[in-house]
Amino acid sequence: MANTQSLCTSFLGELMTATHNFGASPIRAASTADTFKASLYITTATMNASITAYTATNEVNGTNYTAGGVTITNGNIPNATNSSATAGVAYWTPSASIVYTNVTLSTSFDSVLIYNSTQSNKAVAVYTFTAQVISAGDFSLTMPTNSTTTALVRLSTT
Amino acid sequence: MLVNTIHGKMDDSLLVKKEGSVDNDNEFTTWVEYWLDDKLVHRSAHVTLKTSLFTQLEAAEIG
């Protein structure tokens, strides 16, 4: 037997459920999952890793689109899968497509911000795609498979 | 078939339909447009994300 240094895979998964607190943190009012939302941004916005929370600046605007976007269906609990003495992946993906129904979004947009509306709208991730406009139609984002290699959000050690 | 347009529901026989797609490492996207004369009256798009965001974490060596 030998010992091997590594972050524990269980820890990766527990980061996704706010189990550990290394510093000051928000008081969680409930043990249930937070509510996550998805907002869309025009192509001239600057959405990237520096975003800390939802912003209405350069968010799309149009018929049947509500500022702040739509609520994400979250039926998947985070998973943590260990693959070796040093490697593991924690991952999570929304459990349904994100759909904006019967919207007219005339200004070209190319990104979506996923954020936590329960925790002061704090940002999770920005995803980009080919620029789109929508006229009296639906815009939908279908999620990748919720797995160790393709899940929408992955934390990993190797 | 009735199509939702900026002018309300219209029969698709009155409209010109255009479709397209984008397939790359990041996404597979399809879109459909309906045109009335030279005016775009309906456009929908469906994006399937392929790429996840990946963050690698490491434990530093002690000593």
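## Pocket, aromatic pairs and selected residues

The largest pocket has a volume of about 1,300 Å³, a value that, like every other one in this report, was computed on a predicted model. Its lining is made up of 42 residues, and those closest to the centre of the pocket are L15(A), M16(A), F36(A), N116(A) and V124(A). When the lining residues are sorted by type, 24 are nonpolar, 14 are polar and 4 are charged. Both chains take part in this lining, since at least two residues each come from β5 (98–116), β6 (122–142) and β7 (153–157) of chain A and from β6 (53–56) of chain B. Among the contributors, β6(A) gives the most to the lining of the largest pocket, with 6 residues.

The chain that carries β6(A) can be described as a whole before its details are taken up. Chain A has 1 helix and 7 strands, and from the N terminus on its elements follow the order α-β-β-β-β-β-β-β. The C-alpha trace of chain A spans about 65 × 30 × 25 Å along its principal axes. Of the 158 residues in chain A, 41% are buried. If one takes the contacts in chain A with a separation of 6 or more, 69% of them are accounted for by residues 24 or more positions apart.

Aromatic rings come next. A pair of aromatic rings is described by the distance of the centres and the angle of the planes. Over all chains, the count comes to 8 aromatic pairs. In one of these, the rings of F36(A) and W92(A) have centres 5.7 Å apart and planes at 45 degrees, and because this angle falls between the limits of 30 degrees for stacked and 60 degrees for edge-to-face, the pair counts as tilted. The pair links distant parts of the chain, with F36(A) in strand β1 (residues 36–42) of chain A and W92(A) in strand β4 (residues 88–92) of chain A, 56 residues apart. F36(A), with a relative accessible area of 18%, is under the 20% limit and therefore buried, and W92(A), with a relative accessible area of 9%, is likewise buried. F36(A) has already been named among the residues closest to the centre of the largest pocket.

The rings of F129(A) and F139(A) have their centres 5.4 Å apart and their planes at 40 degrees, so this pair is also tilted. F129(A) is buried, with a relative accessible area of 6%, and F139(A) is buried with a relative accessible area of 0%. Both residues belong to one aromatic cluster, which is formed by Y65(A), Y100(A), F109(A), F129(A) and F139(A). In chain B, a charged side chain is placed over a ring: K18(B) lies over the face of W35(B), at 4.6 Å from the ring centre.

Among the individual residues, S156(A) is found in strand β7 of chain A, one of the strands that supply at least two residues of the pocket lining. S156(A) has 4% relative accessibility and counts as buried. Its contacts reach into both chains: leaving aside neighbours within four places in sequence, S156(A) is in contact with L12(A), G88(A) and V89(A) as well as with F54(B), T55(B), Q56(B) and L57(B).

S106(A), in contrast, lies in strand β5 of chain A and counts as exposed at 58% relative accessibility. Not counting residues up to four places away in sequence, S106(A) touches V133(A) and I134(A). From S106(A) to A18(A) the C-alpha to C-alpha distance is 39 Å, with their positions 88 residues apart in sequence.

Two residues other than glycine with positive phi values are set side by side below.

| Residue | Phi | Location in chain A | Relative accessibility |
|---|---|---|---|
| N102(A) | near 50 degrees | strand β5 | 30%, partly exposed |
| S120(A) | about 55 degrees | loop between β5 and β6 | 59%, exposed |

Which strand holds N102(A)? N102(A) is in β5 of chain A, and at 30% its relative accessible area lies between the limits of 20% and 50%, so N102(A) is partly exposed. S120(A) lies in the loop between β5 and β6 of chain A, and because its relative accessibility of 59% is over 50%, S120(A) counts as exposed.

Definitions and conventions: Residues numbered from 1 in each chain as written. Chains lettered and ligands numbered in written order. Predicted model: local features only at pLDDT ≥ 70, side-chain atom pairs only at ≥ 80, totals over all residues. Heavy atoms only, no water. Phe/Tyr/Trp six-rings, centres within 6.5 Å; stacked < 30°, edge-to-face > 60°. Helix = DSSP H or I, 4+ residues; strand = E, 2+ residues; numbered from the N terminus. Buried < 20%, exposed > 50% of the residue type's maximum accessible area, 1.4 Å probe, protein only. Lys NZ or Arg CZ within 6 Å of the ring centre and 35° of its normal. 1 Å grid on protein atoms, 1.4 Å probe; cavity = no way out; pocket = protein on both sides within 12 Å on 5 of 7 lines; lining within 4 Å. Points joined across faces, edges and corners; volume = space filled by probe spheres on them. Nonpolar A, V, L, I, M, F, W, Y, C, P; charged D, E, K, R; others polar. Contact = heavy atoms within 4.5 Å.
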